[in-house]
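Here are a few exercises to work through with the model open in your viewer. Have a go at each one before you read the solution.

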Amino acid sequence: MFNLRLIEKNDFGIDQAVNFKSWADFSIETDQNYSVPNLLYPKLFNEKDLGVNILSYSKVKDDFIIVKLSNFDTINNITGSNFIGQLTGDTFPLLKMVGLLDLIKKSYNNDKVVDFEVRISKNEVLKYSFHFKTYCEGNFFFLISKNIKTHNIRTQKHNNVFKNYSQGIFFIQNKKIILKNQAFLRMEQDNNYLKPFTFKDIQFKDISNGEWLRIYNELINRDRLFFEDIIVYNNPITQDKAFFNAYFSSFTRNDVPGVKVNCVNVTREILARIKYNEFLENLRIVQGIGKFAIMFRTREEFINYSSEIYNILEIPDPSIIPEGADVLDDYVPLNIKNAFYSFVNNSNSKNDSLSFTYPVTTFKGNKKYLTSNLFYVSSDVGNPNLDYIISVIQDITSSVNNRGEIIEANNDLQKLLQDKEVLINEVQTRINSNLNIIINSLDLDLKYYKNNPDLVIQNSINRINSIALIHEYIYKSDNLNSLNIHDFIKSEVNYILNRHYLQYIDRVLDVENIEINMNNIVPLGLIINELIHNSIKHAFDEEFDKALIKIKFYKKNDEFNLIISDNGKGLPEGFNILKSENTSGFTIVNSLVSQINGELIQIDNLNGCTLKIVYPVNEYDEGVL
């Protein structure tokens, strides 16, 4: 014979008992099931020493729908669909008889903690003793229980279970880390700068140390069930940062309260997002000129769009878009949407780009034409789940609608603009080429100057500004195939020197008034940008007397000649511009020169540095053949 007794822990509380014959009488499965809320069930399982029951009040039944969690050990991917809700009174009739429903109704209605104990004996020998506390949050009611009778036995077994757990875990007592599992020790070994990780190293991305100590005390006192945030560790020697997604919960060991911490190293993921945000900011200028939006996502997760997408789709309030949703999904045709997600799931190094054009109806009901250019980028860590997709979305409505006017205004492009797709493909090609140049240059700078992010960012801004200037000339020009090199070089040189307030550097330009093929203008403009900035950084200082930069551009026979010189300090002795693997600047210059099938020549000069680029004239260079 079993005996069930419920004891409320106050002087005038409930103390009732009932006898029963078997466990089948204690817990009963009923035919009536109720829906279960989809809460963070994995977090509720993290503390083995506690049982957690979730209840929600049913006004119709005047009872509580209960979800029993303490009987499960496997926590991966648990959601509300894994459980069945049933009425507490129907499921536990014996507990109802000894006053459980009365207790939890009192706690629920008054929003107060109720403390009670349930004891189960067999033949007058105590078998189980559970200590319960109630806890309300929102519309949900929690019963937190601890098996007092078997706690010591479980504590002895706890270490072996703890050491083999897959996540990094450590225990804190009295503001000291007393135990670390093997996974966390491996984290320390993989990240040498973490070892040894102490309580003082626990700092957070978004909260102060004082706030953390307050939360720690709440966990110790069981005033808080759990806490989650990102731990940020700053290496005092290398200044590197490590990021850990951490989940904190209360525990007791040897009758001393403490805090258990489950953590996962998310450094690579967070640094990747930081790198992406910096990259997106550097592209902001180009985006404004070209009126296009940038989308970034991994295979599994949509990240975000740049803000221009809301202007393209005429969405007045971006906050109406649900968090984590791809806003374009609701506007593109179904076949385009299917093609997009097929690329997201199946793209690889051999299938790394895709472009398509399609009509949309905007939020305000207007019809527009958009073009999307998709690019696949492999992750540096070899994890395909961290590969990411960049999509460039451009509004080409005006180009499509005004095709006839463009043909009339541009006689030189009359044949090319017979079909709107020609202009669309031209725009796509230039965006693709410019983005690849920016990405490749950024990757080179990160390789050479990985410890100098400010220099990497500044170099990227300089190159983007150069491309932005080219775009400005393109959109002002009636001719999309060529550009006047005299006007462009004059504007670029003046822009660079004036932007850096370098009034002490004189400039001399000797540039012929000729049209240059548009396909060569971007690499040519970037070459000029790199070499002028090289002179600014290395040839002069502010005390240099009569600093001078000369630029000459002319055609001789079937070749164009670009000469850039300064009267500064000159190149270091023995420096070979064709074998300058240790500098990203000349590596980029050599790459750009080869793009136009040219040759980079160093001219010996006793005063300063003189470099010459020679490349062939082709049939698309107007007015020179």
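**Exercise 1.** At what angle do H16 and H17 pack, and how far apart are their axes?

Solution. Keep in mind that you're working with a predicted model. Start with the geometry: H16 and H17 pack at about 35°, and their axes are 11 Å apart. Next, the handedness: H16 passes H17 in a right-handed crossing. Then list who meets whom. From H16 you should pick up Ile485, Phe488, Ile489, Glu492, Val493, Ile496 and Leu497. Their partners in H17 are Ile521, Leu524, Gly525, Ile528, Asn529, Ile532, His533 and Ile536. Last, sort the contact of H16 with H17 by class: 11 nonpolar residues, three polar and one charged.

**Exercise 2.** Find the largest nonpolar core and say which residues touch the most other members.

Solution. The core holds 48 residues, and the ones touching the most other members are Ile485, Ile489, Ile521, Ile532, Ile551, Phe553 and Leu562. Now map the core onto elements. Those giving two or more residues include helix H15 (453–476), helix H16 (485–499), strand S20 (505–511), helix H17 (518–538) and strand S22 (547–556). H17 gives the most, with 10 residues. Now zoom in on Ile489: leaving aside neighbours within four places in sequence, Ile489 is in contact with Leu509, Val511, Ile528, Ile551 and Phe553. Don't stop there, as a second, separate core of 26 residues includes Ala293, Met295, Ile321 and Val332.

**Exercise 3.** Take Asn174 and Glu314, two residues that are not glycine but have a positive phi. Is each one buried or exposed?

Solution. Asn174 first: its phi is about 50°, and Asn174 is found in the loop between strand S9 (168–173) and strand S10 (176–180). At 62% relative accessibility, Asn174 is over the 50% cut-off, so call it exposed. Now Glu314, with a phi of about 55°. Glu314 lies in the loop between helix H10 (308–312) and helix H11 (334–346). Its relative accessibility is 19%, and since buried means under 20%, Glu314 counts as buried.

**Exercise 4.** Count the disulfides, then check whether Cys263 and Cys609 are buried or exposed.

Solution. Recall what you're looking for: a disulfide is a covalent bond between the sulfur atoms of two cysteines. To count, a pair of cysteine sulfur atoms has to be within 2.5 Å. The count comes to zero disulfides. For the second part, Cys263 has a relative accessible area of 1%, so it is buried. Cys609 is buried too, with a relative accessible area of 11%.

Definitions and conventions:
Residues numbered from 1 in each chain as written. Predicted model: local features only at pLDDT ≥ 70, side-chain atom pairs only at ≥ 80, totals over all residues. Heavy atoms only, no water. Core = buried A, V, L, I, M, F, W, Y, C linked by side-chain atoms within 4.5 Å. Buried < 20%, exposed > 50% of the residue type's maximum accessible area, 1.4 Å probe, protein only. Helix = DSSP H or I, 4+ residues; strand = E, 2+ residues; numbered from the N terminus. Contact = heavy atoms within 4.5 Å. Axes fitted to C-alpha atoms, helices over the stretch in contact; angles between N-to-C directions. Left-handed = near helix turned anticlockwise from the far one by under 90°. Nonpolar A, V, L, I, M, F, W, Y, C, P; charged D, E, K, R; others polar.
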